[in-house]
Amino acid sequence: MTTLRNWFRTLPARYGRRTLIALAVIAALGLGVRAVAVVHPVADPADDSHAYYALAKSLYQEGSYGGPGFKSEASSDWSPGAPWLYAGLFVVTGGPREGSIRILEALMGVGTILVVFLLGWRLGGRWPALLGALGVAIYPPFIHSVGEVMSEPPAMLSMPAAILAFLWAWDGKSPWRWLLPGFLFGCTAMFRPEYTLVAAAFVVFAAVRWAWQREWAFGAAAIGLMLVALLLPILPWTIRNIVVLDRLVPISTGGGKALYVGTFYPADGEYQRVKAILYERETGESLPPQSQELAEVDPTPLFDKVAARYPELPRDSALGKIGKEDFSKYFGEDPLGYVGMTVRKVGRMWSSGVGEFMSTTLGRVLQIVLVLLGIAGLVLLGFHRRRLEALCFATPIVLVTLVGAISLAAPRRNEILMTLIFPLAGLAVSVAATALSSGRKWSQ
């Protein structure tokens with residue numbers, strides 16, 4: 001307790017009183033705009049929002065992951081981290097209410113503001129920290145997500161926190177520090193399974209460091225502790241999946257579905273277009289991809305129909321197999337066209353975001369400018385030999401973009417990564433402003 005009090009007392013000395021006041025104002029602003037989303041949620045939430053709430057509700061009321069409204073295979077398409085978190089919230093608050101989830105999402109948003117501030121401080125001090133925090137506070141997709149029930153808000157907190165903890169452990173001299181980044185990476189993977197690759201990459205980075213320095217005993221202890229903490233949130237669910245699904249599924253089964261959608265060339269690899277085509281095949285009725293009528297269609301029976309092509313396989317395995325067949329077919333018939341589709345998928349992933357505002361011209365321009373500033377920030381880190389920070393920021397961005405290029409590259413996939421783009425963009429803006437105003441070089 002004394003250590004904690006001393007930590008708070010030294011905050012003004014470490015960050016500056018005016019900086020802390022500005023951060024408090026930014027955090028209050030972020031909480032305020034998120035409170036509006038809590039009171040006025042999204043009128044037509046996405047299919048995944050309904051699924052996550054239904055899964056959390058069934059965990060709370062029935063103790064099952066899915067309940068009668070889900071098949072065991074279909075329910076496992078959704079990553080379990082968010083439903084378990086929200087079910088635990090229901091236990092604390094005494095009932096399954098979406099409003100409780102939105103309040104929690106708003107509070108996690110404030111936590112994300114603080115974590116991004118610390119990341120920005122690591123990159124370049126006051127201005128990258130404050131600019132990054134301000135971006136997180138008012139970025140429209142982050143506010144929009146509070147109005148739904150999704151897995152992104154907790155992952156937006158845990159992923160940058162994991163990188164911050166990794167850098168903290170890297171700087172320390174105790175192997176026990178490595179428990180924290182391991183656990184946070186494990187939690188992030190439970191929220192969004194594609195971040196399992198990111199977690200594995202960071203384990204490799206740490207292992208290479210200790211091997212290079214030939215500190216075998218310390219390195220083995222640090223990596224061992226990191227792996228134990230990483231597996232702690234994942235392993236129990238993996239065992240559950242072996243029992244329920246009768247095969248090894250570490251986190252979720254949605255990979256096959258994502259691969260099928262992402263390789264569906266006639267729909268340009270876009271989920272809503274795939275859904276519209278499947279619906280037309282099934283009913284003969286054509287619905288526009290972005291229409292409210294299509295949004296209200298339950299997609300599960302449509303994908304079940306596709307998976308029925310291989311009845312001997314589990315649903316997700318069948319969709320994955322069809323996705324691989326589609327890749328071979330479409331790439332073989334038109335390789336340049338397929339590469340063009342892949343480029344367009346990645347472009348859509350990074351040039352837009354969730355919510356109505358990001359679909360406007362102004363929203364798209366804002367998104368593209370932010371991404372370009374983030375790239376500039378990465379270049380600055382490399383130019384000034386900040387290799388560790390550059391590697392830690394670039395790795396999730398590159399790996400998750402590659403996953404999107406191969407499979408489904410919806411704009412929502414960039415949402416978690418934007419928590420890294422903002423401090424990088426803040427660094428680029430602050431360096432440019434310093435250079436223009438005084439000609440001084442960045443020396444942080």
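Here are a few worked exercises on the predicted model shown above.

**Exercise 1. The overall fold**

Task: Find how many helices and strands the protein chain has, and work out whether its radius of gyration agrees with that of a compact globule.

Solution:
- Start with the secondary structure: the protein chain holds 23 helices and zero strands.
- Next, take the chain length of 444 residues, for which a compact globule would have a radius of gyration near 22 Å.
- The protein chain has 22 Å, so the two agree.
- For the outer dimensions, the C-alpha atoms fill a box of roughly 65 × 50 × 45 Å along the principal axes.

**Exercise 2. Inside, outside and charge**

Task: Describe the burial, contacts, surface and charges of the protein chain.

Solution:
- Begin with burial: 53% of the 444 residues are buried.
- Then look at contacts between residues at least 6 apart in sequence; 71% of these join residues at least 24 apart.
- Turning to the surface, the accessible area is about 20400 Å², and carbon and sulfur atoms account for 67% of that.
- Finally, count the charges: there are 40 positive and 32 negative side chains, and the centres of these two sets are 15 Å apart.

**Exercise 3. Two aromatic pairs**

Task: Classify the ring pair Tyr 65 and Trp 237, then do likewise for Phe 327 and Tyr 338, and say where each residue sits.

Solution:
- As background, the model has 25 aromatic pairs.
- In one of them, the rings of Tyr 65 and Trp 237 are 4.9 Å apart, centre to centre, with 75 degrees between their planes. Planes over 60 degrees apart count as edge-to-face, so this pair is edge-to-face.
- Now place the residues: Tyr 65 is in the loop between helix H4 (47-61) and helix H5 (72-75), while Trp 237 belongs to helix H14 (residues 235-245). The pair therefore ties together parts that are 172 residues apart in sequence.
- Check the burial cut-off, which is under 20% relative accessible area. Tyr 65 has 8% and is buried; Trp 237 also has 8% and is buried.
- The second pair, Phe 327 with Tyr 338, is edge-to-face too, at 5.3 Å centre to centre and 80 degrees between the planes. Phe 327 comes from helix H19 (residues 315-333) and Tyr 338 from helix H20 (residues 335-351), 11 residues apart.
- Here the burial is split: Phe 327 is partly exposed at 38% relative accessibility, whereas Tyr 338 is buried at 5%.

**Exercise 4. A ring cluster**

Task: Find which residues are linked into a cluster by ring pairs.

Solution:
- Follow the ring pairs through Phe 166, Trp 170, Trp 178 and Phe 185, which are among the members.
- Continue with Phe 202, Phe 205, Trp 210 and Phe 218, which belong to that cluster as well.

**Exercise 5. Positive phi in loops**

Task: Locate Arg 214 and Asp 246, and decide whether each is buried or exposed.

Solution:
- Arg 214 has a positive phi, near 55 degrees, although it is not a glycine. Its loop runs between helix H12 (195-213) and helix H13 (216-231).
- With 63% relative accessibility, Arg 214 is exposed.
- Asp 246, another non-glycine residue, has a positive phi near 60 degrees. Asp 246 sits in the loop between H14 and helix H15 (255-262), and is exposed at 68%.

**Exercise 6. A buried leucine**

Task: Place Leu 55 and give its C-alpha distance to Pro 83.

Solution:
- Leu 55 is part of helix H4, and its 0% relative accessibility makes it buried.
- Pro 83 is 28 residues from Leu 55 in sequence, yet their C-alpha atoms are 5.8 Å apart in space.

Note on methods. Residues numbered from 1 in each chain as written. Predicted model: local features only at pLDDT ≥ 70, side-chain atom pairs only at ≥ 80, totals over all residues. Heavy atoms only, no water. Helix = DSSP H or I, 4+ residues; strand = E, 2+ residues; numbered from the N terminus. Rg over C-alpha atoms; globule rule 2.2 N^0.38 Å. Buried < 20%, exposed > 50% of the residue type's maximum accessible area, 1.4 Å probe, protein only. Contact = heavy atoms within 4.5 Å. Areas by Shrake-Rupley, 256 points an atom, 1.4 Å probe, with all protein chains shown as cover. Lys, Arg positive; Asp, Glu negative; His and termini not counted. Charge placed at Lys NZ, Arg CZ, Asp CG, Glu CD. Phe/Tyr/Trp six-rings, centres within 6.5 Å; stacked < 30°, edge-to-face > 60°.
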